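Visitor: I would like to learn how to read a structural model feature by feature, beginning at the surface and working inwards. Could you take me through the one shown here?

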Amino acid sequence: MKYIFLLLLTFSAYTGMAQLALNSVVSLDTLHSSRPIQAVSGKDTARVKPSIRPVTPPYEGLKIKLSPDGAKYLAFNLWSQVWIRSIENNPGTLVNGIPQDHVWDVSLRRTRVRVIGQMSPRYLFVIQFGMNNQSFNSGGGTGTGANGLGKKPPLFFQDAYSEFVVVPALNPVTKKPADFSLSMGAGLHAWNGVSRLTSPGITSSLTLDVPIFQWPNIEVSDQFSRQLGVFAKGMWKNIAYRFHVNKPFTTTLTPSVGGAAVDNNQDGKPAYGGYVNYQFKDKESLLTAFFPGTYLGSKNVFNIGLGFYYNKNATLSQPEANVFRKHDELTLAMDVFWDRPIGDPAKRMAVSIYGGLYRYEFGPNYIRTSGIMNPGTVNPNFTEQRAAEGPGNARYLSGTGTLTYTQLGFVLPQFTSAVRVQPYVAHSYKDLQALRQPGHYYNIGTAFLLDSHQAKITVEYNSRPLYSPVTKQIFSRAGELIAMVQVSL
């Protein structure tokens with residue numbers, strides 16, 4: 001009944017938003033395209049049969065011009081992701097102090113405002129603030145009352161950096177694209193190394209969400225995948241590059257005797273990272289740090305990338321009593337991304353494929369768990385088989401070992417002007433040193449694109465393995481059914 005209720009609620013939201021989608025506007029994520037926004041709209045229009053028209057008229061973005069020619073401007077992006085979930089809890093879970101095998105909720109996954117200020121052709125700043133992960137019993141205060149459990153989550157800055165053009169992308173004399181470009185900046189930023197998905201354009205994601213483990217330091221030595229530092233980025237012919245030197249946020253965990261390495265970077269060493277990709281087809285924009293998850297057929301992109309992140313003395317272990325050993329963090333990745341239109345242009349079909357291979361070194365048996373907006377706590381009176389991951393929707397996230405991630409999506413032939421449909425599948429493989437059996441994590445879902453990524457509903461089911469705390473092997477599985485309503489301006 002919970003699943004039926006969730007699907008009915010999703011259908012209701014879809015029908016209620018269909019008319020809204022007709023008047024929605026283009027998100028700043030469109031600026032990730034290297035082509036002018038008008039060209040994107042025009043090309044989309046040309047692909048559609050006269051009976052099936054794009055739902056969005058040509059639009060230049062939400063901007064405030066600061067100069068007559070529009071070269072100086074403030075550009076705004078506002079967006080929200082609402083999740084409606086039915087969760088199969090891990091064994092031994094309490095929800096609000098009561099044993100529950102399943103729980104459903106409505107939650108705010110992300111609510112953001114981003115401002116880009118182009119003050120001159122050579123200078124801009126980016127500020128993004130908002131909140132994440134508010135549910136009925138997490139993300140906010142504690143107890144009962146005006147500031148109680150789940151209420152009034154804090155707002156915080158997610159990006160705050162300034163950037164200067166050192167070598168412009170256009171030759172100032174010939175006005176033609178230059179072979180080499182370079183920009184440098186500093187602040188709280190997401191110009192990260194490792195992989196494409198380490199700097200994802202969340203609102204344009206193919207799947208309902210990213211796998212999370214592609215952020216190796218998420219909410220430990222970073223702030224929601226950002227760190228304070230300096231960065232350089234640009235293009236050299238067909239190679240896009242980004243490199244950074246960051247000061248990770250402090251971690252001070254104490255390891256147990258004979259236990260796994262834990263996060264402890266009290267030495268304060270800098271972190272170095274970078275990511276380069278070779279762009280065989282259309283070039284992607286470097287306006288912001290974030291790579292689109294899928295272009296829905298508006299571009300023909302084929303990239304192969306390599307990345308790394310290194311932080312000396314990032315973790316600590318205690319092999320014997322009062323004997324401590326420091327360990328470096330080294331993460332390496334390689335990935336491939338292919339996203340392009342296919343078939344009859346009038347049908348607006350497209351395919352999107354991503355694959356990534358990650359090697360993480362954090363120290364002996366380092367491992368992390370995570371549960372997004374986890375509603376559960378441990379039931380101390382539970383006497384049956386527990387999950388080593390913990391209560392609620394917790395899963396093993398990452399650790400020392402080898403991980404892979406693949407995703408495949410296909411935009412079906414368009415049959416109505418009200419919606420485009422994009423089914424997808426995704427798979428994560430985690431072979432972690434601390435566990436005795438690799439884990440397979442599955443996602444299958446469909447995005448209903450009411451107005452591209454600006455108004456969409458995504459329905460996804462994901463399945464996770466559950467590990468025994470004794471054998472460190474899989475003994476069962478659990479899943480979640482999630483519907484997301486996303487609106488972006």
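Visitor: Is Leu 330 buried, partly exposed or exposed?

Guide: This is a predicted model, and in it Leu 330 has a relative accessible area of 31%. Buried means under 20% and exposed means over 50%, with partly exposed in between, so Leu 330 counts as partly exposed. As for its place in the fold, Leu 330 is found in strand S16.

Visitor: Which residues form the nonpolar patch on the surface?

Guide: Leu 330 belongs to that patch, together with Val 230, Phe 243, Val 245, Tyr 272, Phe 308 and Leu 332, and the accessible area of these residues together is about 540 Å². At least two residues of the patch come from strand S11 (239–247), and at least two come from strand S16 (323–342).

Visitor: What does Val 245 touch?

Guide: Val 245 is found in strand S11, and with a relative accessible area of 36% it is partly exposed. If residues up to four places away in sequence are not counted, Val 245 touches Gly 229, Val 230, Pro 270, Ala 271 and Tyr 272; of these, Val 230 and Tyr 272 are also named in the nonpolar patch. A C-alpha distance adds a further view, since Val 245 and Phe 231, 14 residues apart in sequence, are 6.4 Å apart in space.

Visitor: Where should I look for the nonpolar side chains that are buried?

Guide: The general idea is that in soluble globular proteins nonpolar side chains tend to be buried together. In this model the largest nonpolar core has 30 residues, of which Phe 213 and Tyr 358 touch the most other members. Two or more residues of this core are given by each of strand S15 (301–320), S16, strand S17 (349–361), strand S20 (395–399), strand S21 (401–411) and strand S22 (420–432). S17 gives the most, with three residues.

Visitor: Which residues does Phe 213 touch?

Guide: Beyond four places in sequence, Phe 213 touches Tyr 358, Tyr 360, Leu 397, Ser 398, Leu 403, Thr 404, Tyr 405, Ser 428 and Lys 430. There is also a second, separate core, which has 15 residues and includes Tyr 73, Ala 75, Phe 231 and Ala 289.

Visitor: How should I read charged residues, and how many salt bridges are there?

Guide: A useful approach is to take the pairing, the burial and the sequence separation in turn. The count comes to nine salt bridges, and one of them joins Asp 105 to Arg 85, with the closest N and O atoms 2.7 Å apart. Asp 105 lies in strand S5 (residues 102–120) and Arg 85 in strand S2 (residues 73–88), so this pair ties together parts that are 20 residues apart in sequence. Asp 105 is buried, with a relative accessible area of 4%, and Arg 85 is buried as well, at 0%.

Visitor: What else does Arg 85 form a salt bridge with?

Guide: Arg 85 also forms a salt bridge with Glu 480, where the closest N and O atoms are 4.0 Å apart. This pair links distant parts of the chain, with Arg 85 in strand S2 and Glu 480 in strand S25 (residues 474–488), 395 residues apart. Both Arg 85 and Glu 480 are buried, and Arg 85, Asp 105 and Glu 480 are linked in a network of salt bridges.

Guide: Another salt bridge brings together the side chains of Asp 209 and Arg 109, at 2.9 Å from N to O. Here Asp 209 sits in the loop between strand S9 (200–201) and strand S10 (227–236), while Arg 109 is in strand S5, 100 residues away. Asp 209 and Arg 109 are both buried.

Visitor: How far should I trust the model along the chain?

Guide: Confidence is best read both as a mean and by region. The mean pLDDT of the chain is 89, and 88% of its residues reach 70 or more. Over residues 1–60, however, pLDDT stays under 50, and the model has 112 contacts beyond four places in sequence for that stretch.

Visitor: What does the chain look like as a whole?

Guide: The chain has two helices and 25 strands, and buried residues make up 52% of its 489 residues. Among contacts between residues at least 6 apart in sequence, 68% join residues at least 24 apart.

Technical notes. Residues are numbered from 1 along each chain as its sequence is written. This is a predicted model: local features need pLDDT of at least 70, side-chain atom pairs count only at pLDDT 80 or more; totals for chains, interfaces and linings use all residues. Side-chain values use heavy atoms; hydrogens and water are left out. Patches are made of residues with over 30% relative accessible area and no salt bridge: like charges are joined within 9 Å, nonpolar side chains (Val, Leu, Ile, Met, Phe, Trp, Tyr) within 5 Å. Accessible areas come from the Shrake-Rupley method with a 1.4 Å probe; for residues, only the protein chains shown count as cover. Helices (H or I, at least four residues) and strands (E, at least two) are DSSP runs, numbered from the N terminus. Buried means under 20% relative accessible area, exposed over 50%, partly exposed in between (1.4 Å probe, protein chains only). Contact means heavy atoms within 4.5 Å. A nonpolar core is a set of buried Ala, Val, Leu, Ile, Met, Phe, Trp, Tyr and Cys residues joined through side-chain atoms within 4.5 Å. pLDDT is the predictor's confidence in each residue, from 0 to 100.
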